[in-house]
Amino acid sequence: MVDRYDVVIAGAGPAGAQCARDLATRDYDVVVLETEPEADFPRQSNKSTAGTFPSMMSSFGIPDDVVMSYTDDVVLESPNSYYESYQPGAVLEFADFKRFLVEDGRENGADYWFDARVSRPILDDDGVIEGVRYNGDEAVYADVVVDATGPAAPIASALGVVDLERKNQAIGIEYEMEGVEMNHPEYADLRRAMMLRLDHDIAPGGYSWIFATGEDTAKVGICYIQNDRHREFADEGQTVDGYLEDWIERDPRFADAERIDGKVHRGSAHIQMPGEMHTDRFLAIGDTVPTIDPLWGEGIHKGMKSARAAAATIDRCLTDSERRVDADSLAVYKRLWHRDVAPRMRARLTLTRLLYLAPNERYDRFMRDLRRTDDNALEKANQGDKTAMAKLLHLDDIPLLAKFAREQFGS
Ligand SMILES: Cc1cc2nc3c(=O)[nH]c(=O)nc-3n(C[C@H](O)[C@H](O)[C@H](O)COP(=O)(O)OP(=O)(O)OC[C@H]3O[C@@H](n4cnc5c(N)ncnc54)[C@H](O)[C@@H]3O)c2cc1C
């Protein structure tokens, strides 16, 4: 008997599992193939700090049980300054969150096959995808295939839909720690905060973070892209683990802190402009596109929004009496993506490159500027608003902008 579904989804991350939830709720036959075994799921894919906001929780019906702690503020730190902005949020237990999405999808009728590593597309005589191979020669067929495997992207790459470039790969690692001094006199009060620190001495060309998970417990991590910016500030031979250890060694907030056993999370994502994200009978979602927000790495909400756009598109196409799932019919997804999932992506990528290009001194001034501008300035700049971005620039940023232009346009 041939295994056949309306939709096959590769990868049970936030994007794949959410897409399955939406499709199962609409009564489609959907199966998710996940490479990890179910018994200890998620293991390697338990990679995320999982800081998120109420907009995500309420849009996708996420229960409180997967929350480790609620936060009130987002704090930006520079080497000698900081800026606090009131923005309630939640730090999730990522593993519980992933398991909730699977369970909820199953309750609505989605099938899950664990220990099923997807390797390549099965093509028909016209070269159009009609299914996927997994675990060697096993096969499953569907009207539409969705690649939600994050940066692995085996199907999207084989179809030539996405090209995730190594030079754009951001790598990150984090420890869960206890005994952290969350309200140290020299720093902002982080007891109910998600803090992101811009400091090339700690994270060359990237940023580091402390996200509160309790009174004296936190997720502590670092990430950067291994590009020219990183190399300019980096120490020869230092690894991302080494940078994190080094920060923990030097920062007084960690003087009495210890790592919690077995609580290390690591992973990567691509920070680049998405190109194509679909073709005949195929959609890419989440970090496979990539959908992650380039500036602060918010990938969960974005990935789930892309999942919902994909599910709505598939629903539309399969409702059509002829079940048209050619590239033209599925193009609705790309329009929804650019309109609702990640609008103004190019402007946000520009802001990202500019931010990580700036030297440490500029970061201190950036904090001062944020304090004196209205609360919405950062929010608007974050949304890719060019006027708001311009407000945060100064005359003496011209050399920085020139350097940026040289890098961008190679002149
Ligand atoms: C260190 C770190 C910290 C982060 N912190 C945050 C944060 O605080 N807030 C936030 O919003 N985002 C954060 N992110 C980003 C966020 O975790 C990702 O954007 C998000 O997980 C992407 O979801 P996804 O479903 O697209 O892909 P993934 O989460 O990568 O899920 C892909 C799934 O596919 C499976 N898979 C892979 N290959 C195959 C295959 N061949 N066959 C079958 N299955 C396969 C994997 O096991 C996994 O379960 C962080 C990321 C990292 C690395």
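In this predicted model, ten aromatic pairs are counted among the rings. One of them brings together tyrosine 5 and tryptophan 113, whose rings meet edge-to-face, with 5.8 Å from centre to centre and 80° between the planes. This pair ties together distant parts of the chain, as tyrosine 5 sits in strand S1 (residues 4–10) and tryptophan 113 in strand S6 (residues 111–113), 108 residues apart. Tyrosine 5 has a relative accessibility of 13%, and since buried means under 20%, it counts as buried.

A second pair is formed by tyrosine 207 and tryptophan 209. Their planes stand at 50° and their ring centres are 6.0 Å apart, so this pair is classed as tilted. Both tyrosine 207 and tryptophan 209 are buried. The two also belong to a wider group, for ring pairs join Tyr207, Trp209, Trp296 and Tyr356 into a cluster.

It is helpful to set these details against the annotated domain. The UniProt record, an unreviewed entry, places the feature "domain: FAD-binding" at residues 5–318. Over that span the chain is 35% strand and 23% helix. The C-alpha atoms at the two ends of the span are 12 Å apart.

Helix packing comes next. Helix H7 (residues 300–319) packs against helix H9 (residues 332–341) at an angle of about 145°, and the axes of the two helices are 9 Å apart. The crossing of H7 past H9 is right-handed. On the H7 side, the residues taking part are Lys302, Lys305, Ser306, Ala309, Ala310, Thr313 and Arg316. Facing them from H9 are Val332, Tyr333, Leu336, Trp337, Asp340 and Val341. Sorted by class, this contact holds seven nonpolar, four charged and two polar residues.

Another helix to look at is H6 (residues 240–250), where Val240, Gly242, Tyr243, Leu244, Trp247 and Ile248 are buried. The cover over these buried residues of H6 includes four strands and a helix: strand S10 (169–178), strand S11 (193–197), strand S12 (206–212), strand S13 (217–225) and helix H5 (228–233).

Two individual buried positions show how separate stretches of sequence come together. Alanine 156 lies in helix H4 (residues 154–158). With a relative accessible area of 0%, alanine 156 is buried. Beyond its neighbours within four places in sequence, alanine 156 is in contact with Asp147, Val161, Val162, Phe282, Ala284 and Thr288. The C-alpha atom of alanine 156 is also 8.4 Å from that of histidine 278, although the two residues are 122 residues apart along the chain.

The other position is threonine 71, which belongs to strand S4 (residues 67–78). Threonine 71 has a relative accessibility of 2% and counts as buried. Apart from neighbours within four places in sequence, its contacts are Gln87, Pro88, Gly89, Ala90, Val91, Arg192, Ala193, Met194 and Ala212.

Finally, several backbone features deserve a look in the viewer. The peptide bond leading from phenylalanine 41 to proline 42 is cis, with omega near -5°. Proline 42 is located in the loop between strand S2 (30–33) and strand S3 (51–52). Valine 289 and proline 290 are likewise joined by a cis peptide bond, for which omega is about 0°. Proline 290 falls in the loop between strand S16 (282–284) and H7.

Positive phi values also occur at residues that are not glycine. Asparagine 135 has a phi of about 45° and is placed in the loop between strand S8 (129–134) and strand S9 (138–147). With a relative accessible area of 40%, asparagine 135 is partly exposed. Arginine 281 has a positive phi of about 60°, and its place is the loop between strand S15 (278–279) and S16. At a relative accessible area of 18%, arginine 281 is buried.

Terms used:
Residues numbered from 1 in each chain as written. Predicted model: local features only at pLDDT ≥ 70, side-chain atom pairs only at ≥ 80, totals over all residues. Heavy atoms only, no water. Axes fitted to C-alpha atoms, helices over the stretch in contact; angles between N-to-C directions. Left-handed = near helix turned anticlockwise from the far one by under 90°. Contact = heavy atoms within 4.5 Å. Nonpolar A, V, L, I, M, F, W, Y, C, P; charged D, E, K, R; others polar. Buried < 20%, exposed > 50% of the residue type's maximum accessible area, 1.4 Å probe, protein only. UniProt positions renumbered as here; feature names shortened; annotations may be inferred. Phe/Tyr/Trp six-rings, centres within 6.5 Å; stacked < 30°, edge-to-face > 60°.
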